[in-house]
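Here are a few quick notes from my pass over the salt bridges and the confidence values. Have the structure open while you read.

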Amino acid sequence: PHTLQHRCLSSMPTTLLFPVLQWIASVILLVYFLIVLWYLASAGTFDPELHRYVWNEDLQRLMAVHLFGLLWGRAWILAIGQIVVAGACADWFLAPDKSSSAIGLPALTSFKRTMRFHTGTAAVGSFIIAVVQMIRLAFRYYMWQLSRLGDKDKNYVVKVLWTVGECCLDCLERFLNFINKNAYIQCAIKGSTFMRGAQDACLLLLRNCLRVGTINIITTIFCFIGKFFIAIATALIGALWIVSVDSGGIGAGMNSVSSAPMFPVIVILVISYGIACAFLDVWDMCIDTIFQCYCMDEEYSTQAGYQKKTPGEMQNVMDSKPPPSEKEVKAVSALLVPGK
């Protein structure tokens, strides 16, 4: 799938524009959140004894709802981007002629289809993620309040509970993100609802669990190396440029990179890492979509009259891994869906 992924993205480079659009939409959402939050905060009253603003219960509830809206909106923007990328990659995989001149603009087609049919799908999946994130924030707030107690023994217990609770909630959020991502792929391929897509994705991945494990390990390693390499290389280039300019021009002072100011270098490092994550997430989504398309194509090929869509080079690589038998498929499906 990794080789096909490069062919896929090179055939439709417009797909790489969606992280930029997501960033713009996220910035607009954040600006709106801050403006409304400013008005809500200004509605409170200043307590001269406590030397801080005090808000009544109604304002506190409005702030909490407003914060949840930020989390939900951000998760919805990310979900729309995932469905668009998955739909574009699925269109490329199913196209008989995969050249850029023949497939046109699948990213634009997928975006139109997503906004027309899958906004609710993205809303359901993002709502689940936003609820978990809101629970995590509330948990952190109450744990922070408990940690302010003066008793050292109680603080130690709070720290243990804080660590265990944070770990459990983080695992839950990661698991739900995994389920949502694969459900979006199924929805983009088959046009199903979110719940149906999540069920189909789970069954499909379980039937191909060994392949899923192998691809996830390789993809995780590549993404990890790619993100940090891009961030560190960009920060190093930025440090060289800053030192060169401060030393009297480009090309001067290249041997004193350690003298570069830390704050701008750290800012460059953080921004470059965020950009690398955004673009490599598209790469990761493309790999998972192509993999699910291949697994579905392999299972459908057992039907009479079905013509396989998998490109020849990928088929040659995957032929060493035979598809699961019908008995194995039914056995795994019965574990998740009783009576199936």
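**Notes on the salt bridges**

1. Let's start with a pair of side chains: Glu-57 and Arg-61 form a salt bridge, with N to O at 3.3 Å. Bear in mind that this is a predicted model. Both residues sit in helix α3, four residues apart, or about one turn of the helix.

2. How open to the outside is that pair? Glu-57 counts as exposed, with a relative accessible area of 54%. Arg-61 is partly exposed, at a relative accessible area of 48%.

3. Arg-61 has another acidic partner to look at. Its side chain also meets that of Asp-58 in a salt bridge, again listed at 3.3 Å, N to O. Here the spacing is three residues, about one turn of helix α3, where Arg-61 and Asp-58 both lie. Asp-58 is exposed, its relative accessible area being 52%. So Asp-58 falls in the exposed class because its value is over 50%, whereas Arg-61 is partly exposed at 48%.

4. On confidence, helix α3 (residues 57-94) is a good place to be reading side chains: among the elements of the protein, helix α3 has the highest mean pLDDT, 92. At the other end is helix α11 (residues 312-318), whose mean pLDDT of 55 is the lowest. Where pLDDT is low, the predicted coordinates should not be read in detail.

5. Next, helix α8 (residues 194-207), which holds both Arg-196 and Asp-200, four residues apart and about one turn of the helix. Their side chains make a salt bridge at 3.5 Å, N to O. Is Asp-200 buried or exposed? Asp-200 is buried, with a relative accessible area of 10%, while Arg-196 is partly exposed at 42%. The label for Asp-200 follows because 10% is under the 20% cut-off.

6. There is also a bigger group to inspect. Salt bridges with shared partners link Arg-136, Arg-140, Glu-166, Asp-170, Glu-173 and Arg-174 into one network.

7. For the overall tally, how many salt bridges does the structure hold? The count is 13. As for the model as a whole, the mean pLDDT of the protein is 81, and 80% of its residues reach 70 or more.

Terms used:
Residues numbered from 1 in each chain as written. Heavy atoms only, no water. pLDDT = per-residue confidence, 0-100. Helix = DSSP H or I, 4+ residues; strand = E, 2+ residues; numbered from the N terminus. Salt bridge = Lys/Arg side-chain N within 4 Å of Asp/Glu carboxyl O. Buried < 20%, exposed > 50% of the residue type's maximum accessible area, 1.4 Å probe, protein only.
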